[in-house]
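User: I'm new to this one. Could you walk me through it?
Analyst: Yes. Here it is.

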Amino acid sequence: MKNATTVHSYKGAGFLLGVVITMVIAVAAKYIAMLPFLSVMGQLVIAILLGIAYKRVAGVPEHAVGGIAFSSKRLLRFGIILLGLRLNLFDIAIAGPKVLAIAIINITVTIFVVYGLSRWLKIDKKLGILTACGTAICGAAAVVAIAPQLKASDNETAISATTVAILGTLFTLIYTFLYPVLHLSEGGYGIFSGATLHEIAHVIAAAAPGGREAVDLAVIVKMTRVAMLVPVAIIIGLWNNRQVSHSKKQRLKNVSIPWFIVGFLAMSAINTAGILPEAIAEQLIAAAYMLIAMAMAGLGLGVDLVLFKRLGKKTFVAGLIGSLLLSVLGLLLIYGFHLA
């Protein structure tokens with residue numbers, strides 16, 4: 001009976017309506033993100049917030065739930081795969097071992113600190129890990145990529161993604177004001193932005209005051225952190241299997257690399273090899289963001305506001321402290337590696 005219900009939920013006008021709702025919200029988020037102030041927030045953040053607002057004002061039709069779930073789960077995977085076209089492995093190699101070391105140190109320390117704070121604040125384990133990964137790696141995209149490894153619920157995923165996205169937006173604004181005060185070179189400021197901010201949109205917006213060199217370096221450093229998503233996702237999957245499985249045999253049986261992570265790597269390899277023309281690659285990257293924005297809209301449409309208010313405050317505190325630490329640590333490492 002359960003399988004029949006699942007199959008039925010992916011058919012019919014209701015399913016199509018659910019997909020269309022998420023698409024309309026994603027398109028609206030894209031254009032809203034083009035406005036001067038709101039451009040800092042980015043399409044993904046706005047899509048989540050619009051989804052939450054839509055549910056609050058208009059409600060979600062029961063027969064559209066299947067289509068919304070399709071957007072927030074299936075389309076998300078394809079979006080993450082296409083996002084791999086942003087990653088050029090040669091750029092990471094050119095950036096050098098110092099940049100790679102900064103990325104690894106920042107990610108490792110931030111994940112452990114945010115997760116530790118989450119446990120201290122008595123936040124659910126899955127929610128804590130998702131927030132930690134989103135803060136450390138690449139914002140909402142990291143949250144939704146890691147969520148399947150933990151079998152996290154839509155509410156846990158949405159709360160983490162929204163928290164990290166809002167924090168990233170806040171810190172982007174702070175960075176633009178701090179730029180003249182930090183007295184970093186253009187390159188140093190770009191590395192700082194790329195090594196410490198959450199979303200790619202945040203990194204570009206924050207690095208802009210430093211000029212073209214700052215933006216170029218910021219994106220390269222940021223993509224180095226994005227590349228870390230693959231090993232982190234695998235490690236967390238192994239760790240989670242160890243937690244839920246009692247026997248070593250069962251743990252090994254449960255180990256799997258998500259197919260969309262493999263796809264992400266494959267797209268990165270295609271981009272690195274220069275197989276696709278740049279214009280086509282740019283179009284596919286734009287499509288990736290649209291698919292992920294539809295997924296964010298779907299998550300927003302599924303948010304339980306009561307649960308969000310109850311769990312969101314502590315999650316925000318953990319993410320805020322982790323973001324502050326990430327910024328300070330990133331700045332210290334830049335000076336320590338003589339990249340300022």
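**Helix packing and core**

Analyst: This is a predicted model. Helices α7 and α9 pack at an angle of about 35°, and their axes are 9 Å apart.
User: Which hand does the crossing of α7 and α9 have, left or right?
Analyst: The crossing of α7 and α9 is right-handed.
User: And which residues meet there?
Analyst: From α7 there are Lys126, Leu127, Leu130, Thr131, Gly134 and Thr135, and they meet Glu156, Thr157, Ile159, Ser160 and Val164 of α9. By class, the contact of α7 with α9 has 4 nonpolar, 5 polar and 2 charged residues.
User: Take Val164, then. Is it buried or exposed?
Analyst: Val164, which sits in helix α9, counts as buried because its relative accessibility is 0%.
User: What does Val164 touch?
Analyst: Not counting residues up to four places away in sequence, Val164 touches Thr131, Gly134, Thr135, Gly139, Ala140 and His198. The C-alpha atoms of Val164 and Ala132 are separated by 8.9 Å, and these two residues are 32 apart along the chain.
User: What about Asn155, where is that?
Analyst: Asn155 is also placed in helix α9, which covers residues 154-182. At 17% relative accessibility, Asn155 counts as buried, since the cut-off for that is under 20%.
User: Which residues does Asn155 touch?
Analyst: Leaving out residues up to four places away in sequence, Asn155 touches Gly302, Val303, Asp304 and Leu307.
User: Different topic: at what angle do α6 and α17 cross?
Analyst: Helix α6 (residues 97-120) and helix α17 (residues 305-336) cross at roughly 155°, and their axes come within 9 Å. That angle makes α6 roughly antiparallel to α17, because angles over 145 degrees count that way. The crossing of α6 and α17 is right-handed.
User: Who makes that contact on the α6 side, and who on the α17 side?
Analyst: On α6 they are Ile102, Ile105, Asn106, Val109, Thr110, Val113, Val114, Leu117 and Ser118. On α17 they are Ala318, Ile321, Gly322, Leu325, Leu326, Leu329, Gly330, Leu333 and Ile334.
User: How do the residues in the contact of α6 with α17 divide?
Analyst: The contact of α6 with α17 has 13 nonpolar residues, 5 polar and no charged.
User: Now the core. How many residues are in the largest nonpolar one?
Analyst: The largest nonpolar core has 100 residues. Cys133, Ile137, Ile146, Tyr189, Val232 and Met296 have the most contacts inside it.
User: Which helix gives the largest share of this core?
Analyst: Helix α16 (residues 278-301) does, with 11 residues.
User: And what is Met296 in contact with?
Analyst: Leaving aside neighbours within four places in sequence, Met296 is in contact with Leu44, Ala47, Ile48, Ala140, Val144 and Ala161. Apart from the largest core lies another core of 5 residues, including Ile21, Ile25, Ile68 and Leu301.
User: Last thing: what is phi of Lys122?
Analyst: Phi of Lys122 is near 60°, a positive value in a residue other than glycine. Lys122 is in the loop between α6 and α7 and counts as exposed at 71% relative accessibility.
User: And what is phi of His338?
Analyst: Phi of His338 is near 60°, a positive value in a residue other than glycine. His338 lies in the segment after α17 and is exposed, with a relative accessible area of 69%.

Note on methods: Residues numbered from 1 in each chain as written. Predicted model: local features only at pLDDT ≥ 70, side-chain atom pairs only at ≥ 80, totals over all residues. Heavy atoms only, no water. Axes fitted to C-alpha atoms, helices over the stretch in contact; angles between N-to-C directions. Helix = DSSP H or I, 4+ residues; strand = E, 2+ residues; numbered from the N terminus. Parallel < 35°, antiparallel > 145°, perpendicular 65-115°, else oblique. Left-handed = near helix turned anticlockwise from the far one by under 90°. Contact = heavy atoms within 4.5 Å. Nonpolar A, V, L, I, M, F, W, Y, C, P; charged D, E, K, R; others polar. Core = buried A, V, L, I, M, F, W, Y, C linked by side-chain atoms within 4.5 Å. Buried < 20%, exposed > 50% of the residue type's maximum accessible area, 1.4 Å probe, protein only.
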